[in-house]
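Colleague: I'm new to this one. Could you walk me through how to read it?

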Amino acid sequence: MAIFFKYFCTLLSITLVIPALANPQGGGGGSIQPGGAGGSTQPGGDGGSASSQPAGPKATYYTTSDGLGTPSGSCGYGELGRTENNGEVCTATSRLYNGGAGCGACYQVRCKNKDLCSEEGTKVVVTNSGEGPATDFILSYTAYAKLAKYPAVAAQLFAQGIVDIEYRRVSCKFGANLMIRIQEHSKFPSFLSIVVMNQGGATDILAVEIYEESSQKWISMRRAYGAVWDLSSPPCGRLKVRFLVSSSDGTTAWVQSDKAAIPADWKAGVTVETDITLS
């Protein structure tokens, strides 16, 4: 892959007020490590050096063989990270990634050149973390192309490599409820690792807990990385799961449901669909 310039009640649905388009400053920390031919996630191209870029949010892009996302993103989505949102996904700066809490966040991104850029821009889902050349987002090739006013001028945006943008946090509609996938490296019954998917885009999942029936207590899972949570020596039996989520105004709430539960005989690779919708 080569880089170019680039959740109290059952059946709860959270509705968030989307903020106006903003121009926040980019974050620091972390880096995208360079790879070899066909596997690089190092930004590059002809958009100029970071020191030569004027202030303001920017975006660049990366390429894959099919123009979609990468299954090896740091959020831990696996193949979903490639195909989520029809491949309109992105790598976000460490500030937006926020230690993994930003995984699954959705943003509307549009570039600012009125001659080349569409009014709507693109909606992208964060599936990875990394730093581009003074950029806030490294978009998939498919997402970056959607910035163009029409296909005929997309080539000009690609040639620029880095573009000035404005963006806002938005809700994404995935057509599915919150899902829990038991990671392949889980080992029944001694080690449980899960990845939380379809969180809705405008909410952050800050904590995950499972309920131990014998003690009638909630037990915290550890955020291993990204959207992946794990627990050694998990309780036996059916495991209810609840999620601490935050909204755009900073309020938090625990969300749970009777259907948000991992079966007693859980197995690695199994996906559980809850009846929780976070928007």
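**Pocket, cores and a loop**

Modeller: Sure. Keep in mind that this is a predicted model. Let's begin with the second largest pocket, which is lined by Arg110, Cys111, Lys112, Asn113, Lys114, Cys117, Ser118, Glu119 and Glu166.

Colleague: How many residues of each class are in that lining?

Modeller: Five are charged, two are polar and two are nonpolar. The space in this pocket is about 160 Å³.

Colleague: And the chain as a whole, what is its secondary structure?

Modeller: You'll find 18 strands and four helices. The chain has 279 residues, and 53% of them count as buried.

Colleague: How do I read a nonpolar core?

Modeller: The general idea is that nonpolar side chains tend to be buried together in soluble globular proteins. Here the largest nonpolar core has 26 residues, and Tyr107, Phe137, Leu139 and Leu157 touch the most other members. Among the elements giving two or more residues to this core are strand 5 (106-111), strand 7 (137-140) and helix 4 (154-160). Another core, of 23 residues, lies apart from it and includes Ile205, Ile210, Val272 and Leu278.

Colleague: Now a single residue: is Thr70 buried or exposed?

Modeller: Buried counts as under 20% relative accessible area. Thr70 has 6%, so it is buried. Look for Thr70 in the loop between strand 3 (58-62) and helix 1 (80-83).

Colleague: Which side chain does the Thr70 side chain join in a polar contact?

Modeller: That of Ser72, at 2.8 Å.

Key:
Residues are numbered from 1 along each chain as its sequence is written. This is a predicted model: local features need pLDDT of at least 70, side-chain atom pairs count only at pLDDT 80 or more; totals for chains, interfaces and linings use all residues. Side-chain values use heavy atoms; hydrogens and water are left out. Buried means under 20% relative accessible area, exposed over 50%, partly exposed in between (1.4 Å probe, protein chains only). A polar contact is a pair of N or O atoms within 3.5 Å; within protein, one must be able to donate a hydrogen and the other to accept it, and residues adjacent in sequence count only if both atoms are side-chain atoms. A nonpolar core is a set of buried Ala, Val, Leu, Ile, Met, Phe, Trp, Tyr and Cys residues joined through side-chain atoms within 4.5 Å. On a 1 Å grid over the protein atoms alone, a cavity is a set of points where a 1.4 Å probe fits but cannot get out, and a pocket is an open set with protein on both sides within 12 Å along at least five of seven lines; lining residues have an atom within 4 Å of a point. Grid points are joined across faces, edges and corners, and a volume is the space filled by probe spheres set on the points. Ala, Val, Leu, Ile, Met, Phe, Trp, Tyr, Cys and Pro count as nonpolar, Asp, Glu, Lys and Arg as charged, and the others, Gly among them, as polar.
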